[in-house]
Amino acid sequence: MTIKFNIDYHTNWGESVYIVGNCHELGNDDESSAIKLNMDAISNWSITVDIPVIPAEGLKYSYFIRHDNGFTRHEWGKHSLPAVRHGIKTIKMIDHWLDQPSDKPFFSSAFTDCICKRHARDGQTTIEGGSLCIRVAAPMIRQNCRLAICGSNDELGNWDPEMAVKMNDHNFPEWSIILPLKAFTAPVDYKFLIIDCDTNKPVMWENRNNRHMALKPDSINESIIVSGLHFENTYDPWHGAGVAIPVFSLRSNDDFGCGDFFDLMKMADWCHATGQRFIQILPINDTTMTHTWTDSYPYNANSTFALHPMYLRLQAMGRLIDDERQAYYDNLALELNKLPEVDYERVNRGKIEFTRELYAQDHDHIINDPEFKAFVKRNASWLTPYAAFCVLRDKFNTADMSKWGDYAVYDQKAVDAFVNDNQYDITYVYFIQYHLDKQMLHVREYAHNLGIAIKGDIPIGISRTSVDAWLSPRLFNLDCSAGAPPDDFSVLGQNWNLPTYNWQQMSLDGYAWWKSRFRKMSEYFDAYRIDHVLGFFRIWQIPTDAIHGLLGAFNPALPFTPDELRNNYDFWINVDLQTKPYIFDHILGNYFGRYSEDARFYFLESIGNGRYRLKEEFSTQRKVADHFATLPDDERNRQLCAGLLSAIDDVLFIEDPYQKGKYHPRISAQYTNIYNSLTDYEKWCFNRLYDDFYYHRHNDFWYGKAMEKLPPLIDATDMLTCAEDLGMIPDCVPAVMHQLEILSLEIQRTPKDPHLQFGDTRRYPYYSVCTTSTHDMPGIRQWWEENRDTTQSYYNNVLHEAGAAPFYAEPWICEKIISNHLTSPSMLCILPLQDWLSTDATLRRNDPREEQINIPAISKHYWRYRMHLNIETLIESTDFNKHLKSMITQSGR
C-alpha cells in the first residue's frame, strides 16, 4: 500500500518535520530512523511511503520537529490508519498536528470509560476507494447525544442541522464519518455539532468559525483521510462530586473485619444514588513486612505492583468442603466485623489461614485453570520476584533482605532455583494475587457500568525492604530517607524512612519502572492522586541516622558555596561552628533542664572555652534513640533524650551530601540556639539567604527537573492525573501542573496563599480537586473543636455568621461548609465520607475524634479507622441520600 502523508505545520528556520511509526518503513518507532518529510509549500510537509504489510495492531505513527541544533518537539498523541478495504492501493493522509488539547483531562479513562462512556458503540467502518474519511476528537459528548457534521454542500445538509450527518463513535473519543469523495472536489465549509439522539435536534454547535476544506484529489478513486481535528466544546465546564474512603475503612455485612474490594461495589451503588461520580481510595498495595499491626501503614508497600491480601472477599474465592472449618471462619468473620476498628493482625491472620486451607483443598484445580495460568504468564515480570520475596520473608521471619543469607542480593539464577524448589508456596502467592486482580477488575467494570470512576493513590516512595529495592537497588538511594520539611502537620518535619529515587539511573531506560507501575495501576483505576508531587521536583532527603526531618535537605538542589554566601549575602559562614552541633555551657539548661549536670558528664565531652560536643557513641540521632530505647521510659530519660536530639539539630547549615564544601541553610534554623547567638545584622543576612534558598533560588532548576520526569510518566496511561501539592510549594509547581493539566488539591484550612488564614473556595482553579479534609487531617467536626480562635474567625469571616461560634460543628454548619465546596469552580469536589455524614445528626458518629485516619506526627500510627455504620444502612438512608443528591445537583455537579 502506498500512503501519502501530509501535515500542515509552519516551521521556523532550521526546523524540519519527521515521521516515525510502528513499521519498518517508518523506523519501528525509533526516532534515529525516522523519515524526513519534504516541504511542498509554506507550511505543507509531505512524504510518500510504500508499506507492503500493515502491522497486525494497525499502523500508528506520529510527527516530530527536529531543529539543526538537536532540539526536538513532539506531538501529544499518535495518528493511526483506520480499517481499509482490501485491494486499496493508495491512501492520502491529511493530518493535523496533535498538540496537547486544552481539555486533556476529558481524554482520560475517567471520562471515556465512565462518565461519558458509550455503552453501545457503532460498528467499525471501512475505508472504500473514492471515499473521504473525516476524524475528530470529542470526548465530552454525553451518552444521550452524538456528534454530527453539517456544512455547505448537499452531502453535509446545506447547513440544515436536521440534515446533519451523524458520526461514528466506534473509536470514541474519536468520531469519524466516511463520505463519497466526489462530493468534495469543490471547496466546502463545515462545522461539527452535537445532536440529541432522542429528538434528533441540535444541542449546540462547536464554538469556532466555520472550518474550510479544499481537497485536491489526484483521482476520483483516491481515498483521503483527514485526521487530527479537535471539536471545540461549548458545554459549560463539567463539575463532579465524589467520596474519599480507604478500602479497609469500609464496612458491610459480608466483611471479614475490614473493608474489601467488593465493598467498593456497594459504595458505587451509594454514589450512583446520590449523584456522585468518584470513589477515592488510599493505596491498596501489599504492605506485609512483619505480620503485625505496624504493617497497617498503606504507604510502605513491599511491592508497587502486588495488591494487599486483606482486601480479598473470601466468599468469592470459594468454600471449604469441611463444614466445621467453614463454620469456624464464618463465626470469626462475624466476631471481627462487630469490632469498632480494624484488628489488623487478626483479620490478616484469619484470611491467610482460610486461603491456605482453600488453596490446599483446590490446589490441583488451581494450577490447571487456564485463566490462572494466563494471569501468571501475563504478570510474571513482577509476580515471580514478589512471590519469592514473600516466601523468603516468611522463611527468614524478616523482610530485611540483608538477613536472607545467599538471597540477600537478588540473583536471577538463585531466585529461579528457589522458586523451583518451593513451587507449592510460590504458587500460593500467585493464587492470592490472581483472586485480588480478578476481584478488583470486576469491581472496576461494575463501577464503570454505573458511571463511577475509581481514583487510586500512588505513593511517592517505596519501602527499603521491598521487592523493588531487592530487584533493582540501583534505582534507589538506599543510604538516606525521604520525608517532608516542617509544616502544619509536623513541626519537626516528617521522616518516612523510605529511600529516595536515583532519577539519573531511572532516566537511562526512559523511566521504565515508573511507567510499568502506572500501567499496572491503570488496570484498576480511572484516576489517580500522585502522593507528594513535589517529590518529582525535589525530595526532602534525610540522613539515615536522623530521627525526624529537621536535618534534611532538598535533592536535587543548588547549595551555597562559602564565597557565594560572603559575596551575595554578606554572611561569613563559620564552617566549624555553624555546621556541627556544639553546645555552650551557658545554654545547657535549654536542652536538658535540671538534668544538665547528668548530660555534661555522661553524654558530652569538653573541648574548652565553655564548649562541649557529643561523645561519639551519641553523635547521631539514631544512636541516641537506640541508647534510650534500652532504658526505662521515665521523665529523666525522656528529657535527656529530647535534649540530645535537639542539640544535634542545632546547626545553621548542613553540608550537601554530594557536593562537599557546599551548604544548605538548615530548615527552621531561626528556632535554634545557634541562630539566637548571631548579631542582629547576621540574622538579617541569614534570613535573606534563607528566603532566597527556599523560595526563589531553585524555581527554574526544579521546573526543568519536573518537566524531564512528569510528561513521559503521566502520558504512559490514560488515567486522570491529580496531585497532592501541599507543603512548601515553590512557584514552579503550579506552572508545571498548569502546563501538564494536572488537577491540584485545594484545602480551605491550608491555603496556598501564605497571606490567607483560609482559602477562598470561590477562587479555586477549575483544574483542581477541592476537599474539606484529608486522611492526614481531622474532619470538619474535630477541627471545629480544636482551636476556638480559629473556629470563631472561620465562623464570622468565612461562613459570614454573626456572634459567637457554636462549640460543636452542628449539622447545619457542616452542610454550609460542604455547600461552599460544592459550589466552588473546582472540577472535582471529593469529600471524606465522615464529612458527608457530618450533615446528618442521626447518621454521623458520636465522637468525631474517632474519625481521623492518620496522625502524621506519629511515625508508627495504627491505621485502623472503620465506618461506624454499614454501607447497607447508608444505602437505605433514603431521606439523607435524597438531600445529598439535591445538594450535589443544585450546585451544578
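**Exercise 1. Place Asp753 in the chain and describe its surroundings.**

Start with the location: Asp753 lies in the loop that links strand S32 (744–747) to strand S33 (768–771). Strands here are DSSP E runs of at least two residues and helices are H or I runs of at least four, numbered from the N terminus. Keep in mind that this is a predicted model, where local features need pLDDT of at least 70, side-chain atom pairs count only at pLDDT 80 or more, and totals for chains, interfaces and linings use all residues. Residues are numbered from 1 along each chain as its sequence is written, and side-chain values use heavy atoms, leaving out hydrogens and water.

Next, accessibility: with a relative accessible area of 34%, Asp753 is partly exposed (between buried, under 20%, and exposed, over 50%; 1.4 Å probe, protein chains only). Finally, look at its side chain, which reaches the backbone nitrogen of His755 at 2.9 Å.

**Exercise 2. Work out which residues of helix H17 are buried, and how they are arranged.**

First, list them: in H17 (residues 621–628), Gln621, Val624, His627 and Phe628 are buried. Then look down the axis of H17: these buried residues fall within an arc of 125° (taken from the directions from the helix axis to the C-beta atoms), so they line one face of the helix. A handy reminder: an α-helix has 3.6 residues a turn, so residues three or four places apart point the same way. Last, find the partners: the buried residues of H17 pack against helix H16 (596–602) and helix H18 (635–649), with contact meaning heavy atoms within 4.5 Å.

Key
Polar contact = N/O pair within 3.5 Å; in protein donor to acceptor, adjacent residues only side chain to side chain.
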